[in-house]
Structure formats: structure tokens, C-alpha cells
Amino acid sequence: MALQAAPVTAAESSPWQLSLRYDHHSDGLALDQMGTRDWAKSLRPRQGLNLSYVEDELRLDKQQGPWSLALLARSSASLVASPDAMELASLISRGEHPAGNTQWDNEVLLRGFNGVGLEVGRSHRLAARWSARWTAQGLLLTRWRERQLNGPASYAADSGSYQFDLQSRELDNKRRFPFQQDFAAQGAGLLLGAELGWQGEQAFAALAVRDGGWLHWRDVPQQQMQLNSVTQAVDADGFLIYRPLIQGQNSQQGRTRRQPWRTQIRTGWKLENQAQISASVEHLPDFGLLPALQWSQRDGELEWGLEWRFHERRATLSMGWQNWRLRVGTDSLDSQARSRELGLTYLRQF
């Protein structure tokens, strides 16, 4: 999920570059269990805010002098859940009850989109040690989904009853409801990025922002729901039987939303024998900071490096040789892995 910020320069003509990136992470659930029927029973949340994200991208780009041009297809999504929301979901999924009276303040936020498009960028030499770069990415959206769920819930030990007062707001071009009108088959997105880099004799530093901009979809389906429920019944397996009072409203209207910036700061130091060490911290909207440490080494045509991402608890090995670049990372080598990364790049001069 790193922004890959680095000291930027106005590059000369370069080969075409084809790259594939897969970056998935989940704090509360093994990746192999996501999407399965019994996923909720395997939920084991962390303390504090829980984060899940998906960042997939296929890109073909070319640098010509200071300009760059890229064709790309990408999928980006994040899910942030409060500690109370994760604790409540974990208890209910396992059919368990708190030992005494308990209250939860729930907050869950999902943001995600898929799209294909074109990116244009340009590098600038500002001074002897300073450089900058900007990008503009235009996307044709094939999927856009957002959902916010929030509100209190409580459990009364004397009666064994749960009470919910939850609000749900959802936008989803895949949602269907009665009397739905035709709407645009695709949406549109404009996402901007910029980098500012400094390169010293031994040290370097960079500040990067990206994915700030706007998403728009005409007459996209939207839904608002409220759950106000008191329930005491459980089934034979100990799971809750809901008898909720649900009120909701479906709507269709054009929606434009400003995309918040994702920011990364990176600094590092060149070592002897063409090695360098660096540290970075990324700010992810709705969640917070994601720090990482990197080390890299060049031996002739071979480049290789290691990265440790603290929140993901993930180690990543990177290698480059001639026209190929590879990144592979995980937090576990078995089926319980909650964080995986794969990146593959091929460069070819035409």
C-alpha cells in the first residue's frame, strides 16, 4: 500500500513498463477466509481500530523526457471498523454473550471503487537538489461502493437481550430495489497526485500525495436504513434471532464525492557499497498512520531489498534483475496470513 515516494527527477526516455500489483490486508480475518460462508465465525479482531484494504493495479506506462503516460486498471477499497463494532460482531458471530451489562459505540466505514483509465504525469527540476512531479488520473468507474454504519448497541445481562439503534448509509451501483430507474452504466473519476523530492550527497527525502480528487456517478442507487431492535430469542445453536424494526429509504440521484488525499513522507540515507536504508510513514484517510522501514542493495545488475510494515506485520522481499522487478510479501506462510503483497514489473524497449 506504500505510495512508493522517492526522490524524483526529470527522466530521459525509458522503456515501456508493464506492472502488476496485488496488495491485500485484513486485521481481523485471514485473507483465505474472506468471502466464505462462515467467515464471521473466524473473526479475531485486533485491539483498537481494525483496518482491511485491497489495492490491485495493472499498468502499462512510458516515460519520455519529463512526461509520462500510463494506461491502467485498478481496484481500491478500505474498511475501517471501531473496536466496539469488531467486538460486537465477533460475539454475535460466535453466539456468545457478555458476562454483564455492556454497551458498544459502533462505527464502520467502507470506501471502494474499480476503474480503468489514463494517467498523465510530468517531472520538474526545481533547483540543484530539489525536484517535483505531478500526475492526473482520469478513470471510467465500473464499480463504486461506499457504506457507513454507526450507532449504539447494548446488552442487558438480566434479560439476555440486545438492543440496537444503528444507522446505515450506502451507495452502490450494484444495488437493486423496486421501481428503480435507469442510471449511468459507468461513473467517472479524476484523481491527482504530486511529489516533492530532495536529494543530498548521502541523504534524501520526499513528500508524496495521491488519490485526491473527485468521483461522480449519475443517478447511482443509494439507500438509508435504520435498525431499532430489541431481541431475546436465540436459535438452537445459540445465535440471535432478530425481530427488528427496520426503516429505510431508497433513492437515485447524481453523486459527486471528494476523494481525500493519501499522504506519505519518506526519508533515507545512502550507505556504502550501493546500499541504502529508509523509513516512511503513510497517512491513510479514515484510519491513521502506516509506518515502514526499507533497506536495499545493488550488486551489479542485481538489486534486492527488504521492507517491514509495522501495522501489517508484513515482511516484503524485492528483487530486480535486467528487465524484471519482483516484490513478494506476507505476514505468514500458511493459510492464516492476513497480509499479502505481490508486485511484478517487466521493462521492454520498443
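The exercises below, each with a worked solution, concern aromatic pairs and a pocket in a predicted model.

**Exercise 1.** Determine how the rings of W67 and W134 are arranged, and which parts of the chain their pair ties together.

*Solution.* A search of the whole structure finds six aromatic pairs. For W67 and W134, the centres are 6.0 Å apart and the planes stand at 90°; because planes over 60 degrees apart count as edge-to-face, that is the class of this pair. The next step is to place the residues: W67 belongs to strand β3 (residues 67-81) and W134 to strand β5 (residues 130-156), so the pair joins parts that are 67 residues apart in sequence. Finally, W67 is partly exposed at a relative accessible area of 40%, and W134 is also partly exposed, at 32%.

**Exercise 2.** Classify the pair formed by Y162 and F164, and state whether these residues are buried or exposed.

*Solution.* The ring centres of Y162 and F164 lie 6.1 Å apart with their planes at 10°, so the pair is stacked. Both Y162 and F164 are buried. Ring pairs also link these two residues with W104 and Y155 in a cluster.

**Exercise 3.** Describe the volume and the lining of the second largest pocket.

*Solution.* The second largest pocket holds about 1,400 Å³ of space. Its lining has 43 residues, of which W39, L79, A89, V108 and L149 are the closest to the centre. Sorted by character, the lining comprises 25 nonpolar, 14 polar and four charged residues. Among the elements that each supply at least two lining residues are α1 (83-93), β4 (102-125) and β6 (161-172).

Note on methods: Residues are numbered from 1 along each chain as its sequence is written. This is a predicted model: local features need pLDDT of at least 70, side-chain atom pairs count only at pLDDT 80 or more; totals for chains, interfaces and linings use all residues. Side-chain values use heavy atoms; hydrogens and water are left out. Rings of Phe, Tyr and Trp (its six-membered ring) pair if their centres lie within 6.5 Å; planes under 30 degrees apart count as stacked, over 60 as edge-to-face and the rest as tilted. Helices (H or I, at least four residues) and strands (E, at least two) are DSSP runs, numbered from the N terminus. Buried means under 20% relative accessible area, exposed over 50%, partly exposed in between (1.4 Å probe, protein chains only). On a 1 Å grid over the protein atoms alone, a cavity is a set of points where a 1.4 Å probe fits but cannot get out, and a pocket is an open set with protein on both sides within 12 Å along at least five of seven lines; lining residues have an atom within 4 Å of a point. Grid points are joined across faces, edges and corners, and a volume is the space filled by probe spheres set on the points. Ala, Val, Leu, Ile, Met, Phe, Trp, Tyr, Cys and Pro count as nonpolar, Asp, Glu, Lys and Arg as charged, and the others, Gly among them, as polar.
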